[in-house]
Amino acid sequence: MSKTRIFAKSDPIFKMIFGDPENKTALIGLLREIIDIPEEEYAHIEIIDPNLRVNKSYGKSGILDIKLTTKNGQRINIEIQIRKASDLKQRILFYASKMIAEQLTEGEKYDKIRKIISIMICTDHNLIEDSKEYHNRYFLYDKNTNSTFTDLLEIDILEFKKVPEKDKSNLATWLRFLNTDDKEELDKMAVRNVAFESAVCKYKQLTADERVRMIVEDKEKAWKDRQAEIKYAMEEGIQKGRTEGRAEGRAEGRAEGKHNREIEIAKSLLNSGLDHKFITLHTGLSKEEIEKLR
């Protein structure tokens with residue numbers, strides 16, 4: 001039986017390659033192509049909480065993004081996103097804001113706040129629909145005057161699907177590295193510079209380790225199982241709602257039947273352990289209505 005194909009974009013593999021405090025070469029090589037910070041900052045980059053923690057029950061991770069600090073206190077967060085999520089922009093903004101708020105304790109002055117840079121790498125879908133560029137950088141500024149409000153917040157979005165085939169830059173190659181398991185292609189990348197050599201070498205070591213492969217395969221299986229549970233819960237709720245809805249003959253009855261379907265779907269999703277935001281998105285029920293069903 002053939003082995004599961006494993007790519008560097010897989011959450012655990014990505015963290016083990018770029019989040020290893022003992023081997024920052026690949027991480028620094030990637031960062032140099034994305035952000036613009038003084039060269040001396042790279043010598044003092046510190047990885048915050050480098051441990052990989054995976055909750056296998058639902059394939060969720062405790063920490064699978066990579067958090068960094070620099071010499072002057074700038075904070076950098078790198079996250080990889082394979083699957084499309086409808087609330088991804090909001091999530092990026094929420095965690096960027098949280099990184100700012102976490103810098104201060106009660107009573108500290110606001111001038112203690114240092115710049116945060118949030119990097120999101122989308123490998124299998126596009127997030128930015130109104131741009132053809134595969135690297136978009138966002139700051140707080142007035143679009144009419146181009147006046148910058150502050151440089152304390154930067155959001156970088158990278159999208160592999162937009163990379164032109166003819167683009168052979170280092171940044172484009174890093175995105176290709178995340179999306180290939182082809183040995184010949186990887187070997188060609190490894191000779192570009194020491195950062196690529198480090199990343200490719202680490203990738204080969206990890207994918208040859210059966211324990212690591214098990215972590216990746218278990219996580220993927222847990223995600224698929226979770227999706228199956230959600231699908232079953234929704235179908236079960238819809239079917240129950242339809243049965244009750246057919247019992248209502250008048251327009252009012254149909255409206256009530258529709259509401260009953262939403263309630264049954266919500267109950268099934270609650271039993272599956274999903275939060276109210278997900279349930280609201282798929283049923284239309286308010287947070288208050290969902291709370292009453294608990």
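Strands S7 and S8 run antiparallel and are joined by six bridges. This description rests on a predicted model. His135 stands opposite Leu158 in S8. The two strands S7 and S8 form a hairpin, with six residues between them. Asn146 sits in the turn and has a positive phi of about 60 degrees.

S8 also pairs with S6. Here the strands run parallel, and seven bridges join them. Ser118 stands opposite Ile155 in S8.

Side chains of opposite charge can pair when their charged atoms come close. In the whole structure, a search finds 13 salt bridges. Three of them are set out below.

| Salt bridge | Closest N to O distance |
|---|---|
| Asp124 and Lys9 | 2.8 Å |
| Lys115 and Glu154 | 3.1 Å |
| Glu154 and Arg137 | 3.0 Å |

What does the salt bridge between Asp124 and Lys9 tie together? Asp124 lies in the loop between strand S6 (116-122) and strand S7 (135-141), while Lys9 lies in the segment before helix H1 (11-18), so the pair ties together parts that are 115 residues apart in sequence. Asp124 has a relative accessibility of 35%; because buried means under 20% and exposed means over 50%, Asp124 counts as partly exposed. Lys9, at 12% relative accessibility, counts as buried.

Glu154 takes part in a salt bridge with Lys115 and in another with Arg137. Lys115 lies in the loop between helix H3 (88-101) and S6, and Glu154 lies in strand S8 (residues 148-159), so this salt bridge ties together parts that are 39 residues apart in sequence. The other pair links Glu154 in strand S8 with Arg137 in strand S7, 17 residues apart. That second contact therefore involves the strands of the hairpin, S7 and S8.

Are the residues around Glu154 buried or exposed? Glu154 itself counts as buried, at 1% relative accessibility. Lys115 is buried too, with a relative accessible area of 15%. Arg137 is partly exposed, and its relative accessible area is 36%.

These contacts belong to a network of salt bridges that links Lys115, Arg137, Glu154 and Asp156.

Conventions
Residues are numbered from 1 along each chain as its sequence is written. This is a predicted model: local features need pLDDT of at least 70, side-chain atom pairs count only at pLDDT 80 or more; totals for chains, interfaces and linings use all residues. Side-chain values use heavy atoms; hydrogens and water are left out. A salt bridge is a side-chain nitrogen of Lys or Arg within 4 Å of a carboxyl oxygen of Asp or Glu. Helices (H or I, at least four residues) and strands (E, at least two) are DSSP runs, numbered from the N terminus. Buried means under 20% relative accessible area, exposed over 50%, partly exposed in between (1.4 Å probe, protein chains only). Two strands pair if DSSP finds at least two bridges between them.
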